[in-house]
Amino acid sequence: MKKSISSFLILLLCAVYSCENKSGIIIKEDQYTVYNNKVEQGEFKAEALSPTEIHSTYTSPMETYSPDMEFKFSINSRDNEMPAGKNHRLRISPYNGQYTSPIIEFGKQMYDSLAAQGDEPLAPNTTWKIRVDASKLMNEFREKGFYTTPTGDVIFKEDFKGIYIAGSGAPLTWDFENLYGKSEMQLTDEDNDGIYETTITLNKQKNEITHSHNWKLTGDISKYPQYESKQVLIDALYNMALEDLTTNIRPDGTLRAGAEWDGVWTRDISYSIYLSLAYLEPEVARKSLEAKVKNDRIVQDTGTGGAWPVSSDRVVWSIAAWELYKYTGDKDWLSYAYRIIQNTAQDDWQIVYDKQTGLMRGEQSYLDWREQSYPRWMQPIDIYQSLCLSTNAVHFQMYDILTQMANTLNENAEPFAQKAEKLKSAILKHLWNNEKGYFGQYLYGENFPILSPSSETLGESLSILFGIASPEQSGKIISNMPVTPFGTSCIFPQIPNIKPYHNNAVWPFVQSFYNLAAAKTGNEKAVLYGLGSLYRAAALFGTNQELFVASSGDYKGTAVNSGKMLWSLSGNIAMIYRLYFGMEFETGGISFHPFIPRSISGEKTIRNFKYREATLNLSINGTGNVIKKIKLDGKELDKPFIPATLIGQHSVSIELDNTVPPQSNINRQPVLYMPETVSVSYSASGHKLIVNNYDSSYRYSLYLNGIKTADFERKEYNLPSFKELTQIAVTATDKDGNESFSNKPLIFLKPTDEWFIEAENIVHASALPYKGYTGKGFIEINKSEHVNIGFSVAVPEEGQYLIDVRYANGNGPINTQNKCTIRTLLVDSQTVGALVMPQRGENEWSNWGYSNAINIYLKKGENRISIRFIEPQDNNMNGEINSALIDFIRLRKIR
């Protein structure tokens with residue numbers, strides 16, 4: 001009787017739902033509605049006229065060019081003229097198409113009271129002459145030899161490279177760290193009067209047809225599988241993604257990242273190949289992966305501080321390589337990929353593995369623009385020392401893949417399996433936030449890190465898809481993780497006063513991973529929400545954008561952006577194969593785990609799908625995620641799996657049982673911002689901590705050596721007495737429960753527990769003319785000079801010590817290139833860790849900072865310490881230039 005009632009209720013619900021769905025609505029959100037054939041958002045509409053044409057009326061709110069300019073000056077391509085969030089505002093009022101700004105004093109905010117009044121757009125091709133008075137800066141260079149910026153940067157005269165302008169309104173950009181490559185953004189002082197000038201053209205317009213968001217298929221996509229359903233909009237978006245894909249195949253047969261990014265980038269191609277390109281473009285995928293190998297190791301081509309090891313997510317290559325093997329069954333490729341991944345893993349274990357936590361160090365995967373997802377005080381070395389969710393997820397998956405590869409090749413898989421299990425345990429131990437019900441984004445804060453409780457969508461999704469999170473945890477992540485009106489933002493909450501890119505942004509490829517993770521947990525509400533985010537953006541914009549602003553849903557207003565983005569289109573395609581049909585490639589065949597939301601009902605077909613020696617025609621009917629029946633060539637199968645041994649034409653039909661998924665939830669939130677990063681100072685009078693940017697509505701949390709010890713609500717806090725090295729960090733939490741980043745940690749240490757060893761007392765000093773060093777000089781290290789620096793240290797008692805070096809590395813800018821300096825540290829001939837010295841600025845050799853600190857044990861009395869260059873583990877991504885200057889070695893007693 002119970003079964004009959006249950007069946008009746010299911011039928012009734014399906015009947016009611018079917019009736020409601022006659023409207024053709026797939027998903028209805030407060031901001032937009034997605035139908036079977038169109039998207040509506042306010043006054044805008046994108047309609048699929050056929051599977052090969054979409055007409056969109058969308059116009060960006062930022063399509064007209066505002067005369068109100070927000071901008072900032074920059075020394076050496078850094079955000080350092082004024083504190084974060086403090087910018088100049090000026091209304092451009094041209095005469096005969098030209099405007100000359102008043103002279104603005106460098107470092108003093110100009111705020112034009114006329115700015116933001118009225119909405120008259122700026123005339124096309126207006127020229128703007130910008131002038132800034134930098135005489136104070138130049139005077140300090142002459143009198144002191146250096147200038148200290150409001151952000152704390154100390155810039156020596158010898159390191160001064162120029163003054164630049166950043167801002168909103170093309171061609172201006174907020175991408176500070178790439179200004180040095182844009183000559184029109186550099187101001188010059190031709191007559192040496194201290195006034196720097198440049199002239200730029202605003203609202204450039206050519207005699208061309210204005211940009212249209214309409215799409216009509218003009219390319220040849222006949223070689224790809226054909227998809228057809230009852231939702232013509234989804235059919236059209238699939239075809240648009242295929243056409244976008246054809247434009248991203250370079251003449252050399254490799255994959256570019258997008259319309260605006262011609263490079264072949266490791267993480268971009270790898271995530272794209274995993275999502276869909278392994279089975280749509282296997283040969284192009286192979287060539288692209290091979291292009292990212294050097295010296296039998298995976299290339300880390302982008303990232304902070306000179307790429308690897310500050311950025312260490314290059315191992316995502318392994319996920320793509322394994323997917324390609326599972327699709328093709330090519331044993332030669334398997335052997336090749338196994339060797340490359342194994343070599344890479346060995347180097348990473350030496351340089352990236354953190355013995356204290358059992359986690360892998362390095363920047364968040366793809367979130368490689370420092371201030372977009374980290375506190376502004378964090379330098380490249382701080383990012384290297386951070387322990388991030390997404391990067392650890394891909395390292396775990398790499399070891400799991402190595403285990404499977406080794407088993408397939410009859411190699412010893414046990415070492416890889418053990419490392420995978422240890423890494424999984426460390427992720428769960430250190431990064432799971434039981435209070436929030438999802439993972440924190442990373443551990444950060446020098447030697448005693450704390451957990452940032454912010455969510456990070458890619459990492460959360462990968463933890464589900466890769467089986468790091470338990471089924472129970474996976475369900476909690478999808479239900480509890482905050483999601484914003486237009487999609488799952490990269491991080492939540494957002495960081496105040498940072499322009500959208502990773503911050504306050506939705507990336508469609510990340511949204512795709514979220515959708516797949518939501519489907520794995522059986523959360524229909526989350527799946528529909530995520531599909532709506534993808535389909536709205538692609539349909540209205542008429543292309544697969546790299547990202548869009550989370551708070552507005554618009555593709556304009558971001559720091560940078562690109563259409564026809566490789567991983568965005570790959571994610572859109574993956575919704576057909578990996579979500580609707582639930583295709584999962586295995587070494588011996590394809591298994592099926594479909595998920596069809598009730599509002600996307602009706603038959604769906606894929607024709608002409610090439611799989612090894614077979615050509616498959618697939619169809620699926622019904623909704624839900626429970627297979628009622630699956631047939632191969634008309635014969636019912638015992639399980640949803642087809643073997644890789646099929647040859648020739650075959651048909652696969654799947655029937656779902658229309659099961660209504662269990663009730664599920666998502667945590668919808670507006671776009672919220674965390675409090676400003678806490679600023680603190682120490683008052684010796686009373687041994688007090690003072691919160692400089694205090695807000696009475698916040699709750700403050702005190703962390704001593706990484707452990708939360710107190711909450712307080714006052715501006716001042718009386719500290720306990722300290723007997724040993726103590727690191728202090730403070731965070732602020734607002735009424736909505738959003739926690740800020742901590743201050744740059746304060747260190748308390750007795751003077752008798754700190755030692756400095758001048759490098760020039762160990763080997764001969766360099767004759768180079770750089771400034772800012774201590775003692776009598778500094779030394780040079782490179783691949784041939786001072787490759788083994790040995791010295792003895794006598795300590796009064798045994799215990800744990802921190803050792804680091806003060807160094808300079810002017811081989812490249814902070815954000816690009818590949819010349820991070822790496823050395824191995826040994827104590828009494830035993831390897832104890834890697835010293836990493838990231839780039840600190842192009843030709844800025846008087847820009848000094850500290851390497852990472854290594855926690856070592858020293859016995860009482862004399863200890864022999866060596867700083868060595870050991871190949872291949874200490875080779876950086878450049879291979880040739882691996883050099884730095886060392887001022888001194890610092891030793892601090894912990895306990």
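Author: Two strands pair if DSSP finds at least two bridges between them, and the strands themselves (E, at least two residues), like the helices (H or I, at least four), are DSSP runs numbered from the N terminus. With that in hand, look at strand β55: in it, the bridge partner of Ile779 is Ile886. This is a predicted model, where local features need pLDDT of at least 70, side-chain atom pairs count only at pLDDT 80 or more, and totals for chains, interfaces and linings use all residues. Residues are numbered from 1 along each chain as its sequence is written, and side-chain values use heavy atoms, with hydrogens and water left out.

Reader: Happy to start there. What makes β47 and β55 a pair?

Author: Three bridges join strand β47 (residues 779–781) to β55, and the two run antiparallel. The requirement is at least two bridges, so three are enough.

Reader: Which other strands are joined to β55 by bridges, and how many bridges does each have?

Author: Strand β46 (residues 754–758) has five bridges to β55, with Phe756 opposite Arg890. Strand β49 (residues 799–808) has eight, and there Tyr801 has Lys893 of β55 as its bridge partner. Both β46 and β49 run antiparallel to β55.

Reader: Why is β55 called largely enclosed?

Author: Buried means under 20% relative accessible area (1.4 Å probe, protein chains only), exposed means over 50%, and partly exposed lies in between. Ten of the ten residues of β55 (residues 884–893) are buried, so the strand is largely enclosed by the rest of the structure.

Reader: And what makes Asn192 exposed and Arg612 partly exposed?

Author: Asn192 has a relative accessible area of 68%, which is over 50%, so the label is exposed. Arg612 has 28%, which falls between 20% and 50%, so the label is partly exposed. Each has a positive phi without being a glycine: about 55 degrees for Asn192 and near 50 degrees for Arg612. Asn192 sits in the loop between β14 (186–187) and β15 (195–202), and Arg612 in the loop between β32 (604–611) and β33 (614–621).

Reader: You mention β32 and β33. Which sheet holds them, and why are β17 and β35 called its edges?

Author: The open sheet has six strands in the order β17-β32-β33-β37-β34-β35, with mixed pairing. β17 (226–228) and β35 (635–636) each have a single partner strand, so one side of each is left without a neighbour in the sheet.

Reader: How do you know that β34 pairs with β35 and with β37?

Author: Count the bridges. β34 (residues 627–632) and β35 share two antiparallel bridges, so they just satisfy the rule of at least two. Five bridges join β34 to β37 (residues 648–656), also antiparallel. Leu632 takes part on both sides: it stands opposite Lys635 in β35 and opposite Val652 in β37. In the hairpin of β34 and β35, two residues lie between the strands, and Asp633 takes a positive phi near 55 degrees.

Reader: Now the helices. Why is the crossing of α6 and α10 called left-handed?

Author: A crossing is left-handed if the near helix is turned anticlockwise from the far one by less than a right angle, and right-handed if clockwise. The axes of α6 (residues 316–328) and α10 (residues 389–408) come within 8 Å and cross at roughly 35 degrees, and the crossing is left-handed.

Reader: Which residues meet there, and what makes them count as nonpolar or polar?

Author: Contact means heavy atoms within 4.5 Å. Val316, Ile319, Trp322 and Tyr325 are among the residues of α6 that meet α10, and on the α10 side Val394, Met398 and Ile401 are included. The contact holds eight nonpolar, four polar and no charged residues. Ala, Val, Leu, Ile, Met, Phe, Trp, Tyr, Cys and Pro count as nonpolar, Asp, Glu, Lys and Arg as charged, and the others, Gly among them, as polar.

Reader: What makes the bonds before Pro309 and Pro493 stand out?

Author: Each is a cis peptide bond: Trp308 to Pro309 has omega of about 5 degrees, and Phe492 to Pro493 has omega near -5 degrees. Pro309 is in the loop between β19 (297–298) and α6.

Reader: Finally, what does the confidence look like along the chain?

Author: pLDDT is the predictor's confidence in each residue, from 0 to 100. The protein chain averages 94, and 96% of the residues score at least 70. Over residues 1–20 the pLDDT is below 50, and beyond near neighbours in sequence this stretch has seven contacts in the model.

Terms used
Axes are lines fitted to C-alpha atoms, for helices over the stretch in contact, and angles run from 0 to 180 degrees between N-to-C directions.
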